[in-house]
Amino acid sequence: MILTFEQISEKVRAGERITDHEALFLFEHPDLLAIGELAALVNERKNGQRVFFNVNRHLNHTNVCVNRCRFCAFARSGDEAGAYTYDLAEVRRRAEEALAQGATEIHIVGGLHPDLPFEFYLEMLRTVKEVSPHLHVKAFTVVEIDYLARLAGLSIAETLQELQGAGLGSLPGGGAEILKKEVRDRLCPEKISGERWLEIMEEVHGAGLKSNATMLYGHLETYADRVDHMRRLRELQDRTGGFQVFIPLAFQKENNLLGHLKNPLSGGVDDLKCLAVARIYLDNFTNIKSYWVMVGEKIAQVSLAFGVNDLDGTVVEEKIGHDAGAASPQAMSREGIVDLIRKAGKIPVERDTLYNELRVH
Ligand code: V47
């Protein structure tokens, strides 16, 4: 039977789950506005006109990393120019600054440092919580969790328990890249496998922690690889319900080994399509986030008409995307995000990390 857009549209309008084949059809379909309209309908049923954002600050405690992911412009070896590692006083200073600026979340991720002891990570969490017990610490990708567990000689469950005891509140969604082995082997051969990423995520959710999920796109993957990636996330979400949000991350080309790629699957149209298809396919995710750092403020704003209901936060000090050439600013103010959402005809809702509403603007 030949598949048509109208058949998929009817299915989605009836609230039915679409298949991988249908998601692939949508990615290949040339009518971006039709896909966007369908995604907007799905989003409106879930979230109405409300768009979430938060006031947060990123803190990348070190760029020293034992891995060399080919898309990464952030990592350094210990003796390389530009390598840095914050001490706890620096962590405290940045957390205090964030608190003074009204942040409710500190987002901590960093390289896999060869020498820092497990105790440093516990102290880092405790330091932020000393600055304010009300600051939510969203920290460490599951790639870091795997590394910390090996460093500490503990199981994943024990590692999570230690980190939770020191103040860990939830996990960001990084390190997922593209989960499929054939692509992952070319992107980041030293990183934990896609299967391991999912396995640890399941333990994270089992420990009662919420997390986010990402997908790095626009490099050497195909549409089918994206659908495969999202299928695995959808399956895990069916089992645990632990993912809060899906965040596609648009590949930034500068200063990394994959920048030379002439990927036909990239650019503003592809950013919007990726977000819209995710909204339609990931029927068990409440929130789809457009990360303005990677797609830019204007595409992020337009994406609010393509199924997106979350714009991340103020961020303040972003290194991973900007080291790779992101053209967006380093930070956005609360007022700037509110203005951007209002001008898209939506209602700005400030949230905390766990998606509780703090204030309607
Ligand atoms: O895993 C690395 C990506 C991720 C590049 O959970 C790149 O709320 C584009 O996961 N071009 C880390 N992306 C960042 C991340 C994140 C960001 C914001 C919010 C949340 C959240 C999570 O950054 C890495 C990798 O996929 N990345 N290099 C690059 N050249």
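Helix axes are lines fitted to C-alpha atoms over the stretch in contact, and the angle between two of them runs from 0 to 180 degrees between N-to-C directions. The model described here is predicted.

In these terms, helix 4 (residues 88–100) and helix 5 (residues 118–131) pack at about 30 degrees, and their axes lie 9 Å apart. The crossing of helix 4 and helix 5 is right-handed. On the side of helix 4, the contact involves Leu88, Val91, Arg92, Ala95, Glu96 and Leu99. These residues meet Phe120, Glu123, Met124, Thr127, Val128, Glu130 and Val131 of helix 5. Sorted by class, the contact between helix 4 and helix 5 comprises eight nonpolar, one polar and four charged residues.

A second region is built around a sheet. Three strands, in the order 6-7-8, make up this open sheet, and their pairing is parallel. Strand 6 (211–217) and strand 8 (287–288) are the edge strands, each of which pairs on one side only. Strand 7 (residues 243–250) and strand 8 run parallel and are joined by two bridges. Opposite Ile288 in strand 8 stands Phe246.

Two helices are placed against these strands. Helix 9 (residues 194–206) packs on the sheet, where it touches strand 6 and strand 7. The direction of helix 9 makes about 160 degrees with that of strand 6. Helix 10 (residues 223–240) lies across strand 6 and strand 7 as well, and runs at about 170 degrees to strand 6.

Notes
Residues are numbered from 1 along each chain as its sequence is written. This is a predicted model: local features need pLDDT of at least 70, side-chain atom pairs count only at pLDDT 80 or more; totals for chains, interfaces and linings use all residues. Side-chain values use heavy atoms; hydrogens and water are left out. Two strands pair if DSSP finds at least two bridges between them. Helices (H or I, at least four residues) and strands (E, at least two) are DSSP runs, numbered from the N terminus. Contact means heavy atoms within 4.5 Å. A crossing is left-handed if the near helix is turned anticlockwise from the far one by less than a right angle, and right-handed if clockwise. Ala, Val, Leu, Ile, Met, Phe, Trp, Tyr, Cys and Pro count as nonpolar, Asp, Glu, Lys and Arg as charged, and the others, Gly among them, as polar.
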